[in-house]
Amino acid sequence: MNVASEKTVRELALENPATTRVFEKLGIDYCCGGKRSLEEACNTAKLNIDEVLESLEKAWEAPSAVQKDWQLEPISEVITHIKETHHKYTREEIGRLGPLFAKVCSVHGENHPELIQIRGLFQDLANELSAHLMKEEMVLFPFLIRMEAAVTRKESIAPAPFGSVQNPISMMEYEHDSAGSVLRAIREAANGYSAPDGACVSYQTLYHALAAFETDLHQHIHLENNVLFPPALAMDRALKVQHDGNQSHCRHRRTDSPASHDRPPRTWRLGSAVGASLYRAGCRIFSRTSRLAVVSLHVRHAFIVCAANAP
Ligand SMILES: [Fe+2]
Ligand SMILES: [Fe+2]
């Protein structure tokens, strides 16, 4: 048995980023379904493991195999790369594909009803992704950058408005799984992105664009699930240990009321009934303007970001 076949797909993708090109070509899920061994993944995809291993070895030996290893970069750099590369591309493609879908569906939709189904699936995915990117950019990523800076400077950090970092990360992973399912449904409806005979240039362009969108989203999710989130969770655990240690030290010295840190901030208590009710419901202020407060509501492993009248 080859050692590589016993490793998980995720491990292989992390060891050498060139591996992801082979996985992409063969339809092996390395982002959301990356926890399976290569052997299991090949069985699921009905692929011959020896042929897959041969393709992987060729990819590893190719001169273009030397790609940046994002595992060696700071969290802030990984986040900048994700935003400037994958988030930018996702937004641009969502904007570009809407009119292209409209054009292709108007001409070919009657003879190819699967196009209408694909457009509906893509629209749902686009809506989900737009909200998802906003949550990452407004809530999770800024906190991860602050957390890394605090760890680097050996400083403490104010508690996150969403509780443990595990909560938003679990939510992001859940949404990644959901996006992965929609991508599979689109690929199936589009017959693996092979346009029918006689398809016009716009039809073929649409399928090429959808295939490229799928590849980019797989790489994007792989970077977040497998490269960004594990060290972020490790840092969060390390900070918690440090924070718990400080708390137990401070308990011997406290002179104020032990329950005072559980009370809502003054503005929430005195400002308005809405603010007080939101605080009791578990909301925490994330940011505020003169009239609105952006708050996070932490419910089990989920968190919701919403706006409320500022107290
Ligand atoms: Fe993202
Ligand atoms: Fe994400």
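Which helix does Ala 211 lie in? Ala 211 lies in helix 9, residues 201–251. Helices here are DSSP runs of H or I of at least four residues, numbered from the N terminus. This is a predicted model: local features need pLDDT of at least 70, side-chain atom pairs count only at pLDDT 80 or more, and totals for chains, interfaces and linings use all residues. Residues are numbered from 1 along each chain as its sequence is written, while chains are lettered from A and ligands numbered from 1 in the order in which they are written.

Ala 211 is partly exposed, because 17 other C-beta atoms lie within 10 Å. The cut-offs are 20 or more for buried and 12 or fewer for exposed, with partly exposed in between; C-beta atoms are placed from the backbone. The C-alpha atom of Ala 211 is 9.6 Å from that of Ile 186, 25 residues away along the chain.

Ile 186 leads to the largest nonpolar core, which has 34 residues. Such a core is a set of buried Ala, Val, Leu, Ile, Met, Phe, Trp, Tyr and Cys residues joined through C-beta atoms within 7 Å. Among those that touch the most other members are Phe 23, Phe 122, Ile 186 and Leu 210. Helix 7, helix 8 and helix 9 are among the elements giving two or more residues to this core. The core lies between domain 1 (3–65) and domain 2 (70–235), because both give residues to it. These bounds come from an automatic or database domain assignment.
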